[in-house]
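Hi,

Here is the structure I promised to pass on. Have a look at it first, and my notes on the pockets follow below.

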Amino acid sequence: MAEHTSVDLPDVSALTIGILGGTGDQGKGLARRFSLAGHTVLIGSRSAERAQEAAREMGVRGAANAEVAAEADVVIVAVPWEGHKALLESLREPLTGKIVVDCVNPLGFDKQGAYALPVEEGSAAQQAAAVLTGSRVVAAFHHVSAVLLLDPSVAEIDLDVLVLGDDREATDVVRALAGRIPGARGVYAGRLRNAHQVEAFTANLISVNRRYKAHAGIRVTDV
């Protein structure tokens, strides 16, 4: 693995991380790993009570989405695609000026398996950027297995996290955060306009997982 991928990344160890939709498996898994890495982590939900319940399980704090959005330094959006736009519209003000990491995959499911859904703005991340015009939107963490994140017997996760965005400083912060998960590495993968295929590729990974009974991730070679 080349050394230059981690050179000059910022120190993110003191950042407070908020996770909107943190009561789902993906959100709880990320909360668990970032908490283990020493971060203050806040889990958000529409219901403060549900957030607190999920947070207790993970040993972190829970609150209503708006409170989490206001308090956290970096906010990860891990809500179901169906409620994505409405939630972000409701949080535009507290998310202003923040790095917002979108990991939502707009997918449909039928008898043939998972498939990518069309998104008017191009991708979930572009929709987030269109709604949150005052935020620094980054796309990342799409391909991280919630099962592995939550499994206490899994010490390291063999994964490259593809990080996309139009703000170099923000993508560097998110790359550094990805590296806080043991075994994982953040790799810059382009501008936000290229988020569609990264989100859509989750459908391919789901197919891999079903066929091979695995929790597949991605590794990028030669960087």
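Let me begin with helix H8, which gives the most to the lining of the largest pocket: four residues. Keep in mind that this is a predicted model.

The largest pocket itself has a volume of about 640 Å³. There are 30 residues in its lining, and those closest to the centre are Gln26, Asn105, His142, Thr202 and Ile206. Which elements give two or more residues to that lining? Besides H8 (195-212), they are helix H1 (25-36), strand S6 (107-110) and helix H6 (146-150). If you want to think about chemistry there, the lining of the largest pocket splits into 17 nonpolar, 11 polar and two charged residues.

Then there's the second largest pocket, with about 260 Å³ of space. Its lining is made up of Gly21, Thr23, Gly24, Ser45, Arg46, Arg50, Asn65, Ala78, Val79, Pro80, Gly83 and Leu87. By class, that comes to six polar, four nonpolar and two charged residues.

On the annotation side, an unreviewed UniProt entry lists residues 16-106 as "domain: Pyrroline-5-carboxylate reductase catalytic N-terminal". In the model, the chain over residues 16-106 is 41% helix and 23% strand, and the C-alpha atoms at the two ends lie 27 Å apart.

So much for the pockets and the annotated domain. Shout if anything looks odd when you open the file.

Cheers

Methods: Residues numbered from 1 in each chain as written. Predicted model: local features only at pLDDT ≥ 70, side-chain atom pairs only at ≥ 80, totals over all residues. Heavy atoms only, no water. UniProt positions renumbered as here; feature names shortened; annotations may be inferred. 1 Å grid on protein atoms, 1.4 Å probe; cavity = no way out; pocket = protein on both sides within 12 Å on 5 of 7 lines; lining within 4 Å. Points joined across faces, edges and corners; volume = space filled by probe spheres on them. Nonpolar A, V, L, I, M, F, W, Y, C, P; charged D, E, K, R; others polar.
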